[in-house]
Amino acid sequence: MSAKNVLFVLLVLFYLCCFSGLFSQEKVSDWNSFRYPEINFVNHAEGTKGWEIYNRIIPDPEEYINAAILEVVKTLYWSEKDSIPDVRRINYALRDVDGISAKGGGPPEITIFYSSRWVEKSEKDAGDDKVLFETRGVLLHELTHGFQLEPQGIGTYADGGEFWIFIEGMADAVRIHNDGFPQDNRKPGGSWKDGYQRTGYFLDWLTTKDPDFLRKFNKSALDIVPWGFDKAIKYILGQHYSVDALWDEYQDYLQIQ
Ligand SMILES: [Zn+2]
């Protein structure tokens with residue numbers, strides 16, 4: 001090889017390196033250097049049937065929660081180098097109360113409660129498999145609240161508007177995307193404004209338009225201020241798309257399923 005050819009090859013290699021560096025954010029990372037938060041597992045349901053079941057089927061809650069965290073951040077982000085809310089500590093409390101689960105607090109420290117009565121009910125309904133399926137699904141939803149980005153400039157969660165639709169829709173979208181709901185839960189009808197599963201299944205269906213849709217929708221909360229559902233759709237898929245037209249297309253698709 002002549003000196004000129006060697007120089008040419010080196011130049012090509014240099015450009016390849018530059019471009020791969022430039023677009024590395026768009027590539028899915030191996031997440032090897034992701035910094036897991038500290039998990040503080042607190043059992044406030046000692047002596048209950050629900051605790052007995054939980055303890056038997058999830059002997060290592062910390063490992064179990066970390067596995068769910070990885071699924072959540074991989075669904076919401078390309079890489080551990082992205083702008084991920086810096087959750088440093090998760091207080092996960094099993095409690096002998098009604099309800100299912102909820103997240104409180106914000107980075108660096110969040111708290112998630114999980115009902116031992118819900119564990120007991122799931123066990124009664126369909127045994128250990130159901131408890132595991134339900135516990136993982138609920139955990140994916142609550143952990144999404146810990147690690148998702150939040151829309152800016154459009155009010156608060158309590159308003160029940162597009163902020164709330166984004167937060168609860170995404171939490172269920174992440175759960176859906178990781179097979180956390182029973183297969184027949186997706187049903188036609190309603191509105192994209194309904195939040196939870198209704199919005200979540202729609203957001204997950206939009207990954208058929210762009211496989212990175214959920215990551216881009218999450219990131220739109222950083223890039224679009226003030227945020228809006230329709231603005232985010234246009235930002236990700238193109239100006240000729242609208243949320244209402246896509247919702248109609250999605251409903252047509254559900255009718256023929
Ligand atoms: Zn929620």
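1. Start with Lys216. Lys216 forms a salt bridge with Asp210, and the closest N and O atoms are 2.8 Å apart. The model is predicted, and the distance is to be read in that light. The two partners fall on either side of a cut-off. Asp210 has a relative accessible area of 12% and is buried, because buried means under 20%. Lys216, with a relative accessible area of 25%, is partly exposed.

2. Lys216 also has a place in a helix contact. Lys216 is one of the residues in H7 that meet H8. The others on the H7 side are Phe213, Phe217, Lys219, Ser220 and Asp223. From H8 come Phe229, Ala232, Ile233, Tyr235, Ile236 and Leu237. Sorted by type, the residues of this contact are eight nonpolar, one polar and three charged.

3. Now the geometry of that pair. Helix H7 spans residues 213-223 and helix H8 spans residues 229-237. They pack at an angle of about 120 degrees, and their axes are 10 Å apart. That angle makes H7 oblique to H8. Angles of 65 to 115 degrees would count as roughly perpendicular, and those over 145 as roughly antiparallel. The crossing of H7 and H8 is right-handed.

4. How many salt bridges does the count come to? The count is 16. Points 5 to 7 take up some of them.

5. Arg89 pairs with Glu109 in a salt bridge, with 3.5 Å between the closest N and O atoms. Arg89 belongs to strand E2 (residues 89-95) and Glu109 to strand E4 (residues 109-115), so the bridge ties together parts that are 20 residues apart in sequence. Are these partners buried or exposed? Arg89 counts as partly exposed at 27% relative accessibility. Glu109 is partly exposed too, with a relative accessible area of 40%.

6. The Arg89 bridge does not stand alone. Glu38, Arg89 and Glu109 are linked in a network of salt bridges. Glu38 should be inspected together with the strand pair.

7. Lys121 gives a bridge within one helix. Lys121 forms a salt bridge with Asp125, the closest N and O atoms lying 3.0 Å apart. Both residues sit in helix H4 (residues 116-147). They are four residues apart, about one turn of the helix. Lys121 counts as partly exposed, at 42% relative accessibility.

Note on methods
Residues are numbered from 1 along each chain as its sequence is written. This is a predicted model: local features need pLDDT of at least 70, side-chain atom pairs count only at pLDDT 80 or more; totals for chains, interfaces and linings use all residues. Side-chain values use heavy atoms; hydrogens and water are left out. Axes are lines fitted to C-alpha atoms, for helices over the stretch in contact, and angles run from 0 to 180 degrees between N-to-C directions. Helices (H or I, at least four residues) and strands (E, at least two) are DSSP runs, numbered from the N terminus. Angles under 35 degrees count as roughly parallel, over 145 as roughly antiparallel, 65 to 115 as roughly perpendicular and the rest as oblique. A crossing is left-handed if the near helix is turned anticlockwise from the far one by less than a right angle, and right-handed if clockwise. Contact means heavy atoms within 4.5 Å. Ala, Val, Leu, Ile, Met, Phe, Trp, Tyr, Cys and Pro count as nonpolar, Asp, Glu, Lys and Arg as charged, and the others, Gly among them, as polar. A salt bridge is a side-chain nitrogen of Lys or Arg within 4 Å of a carboxyl oxygen of Asp or Glu. Buried means under 20% relative accessible area, exposed over 50%, partly exposed in between (1.4 Å probe, protein chains only).
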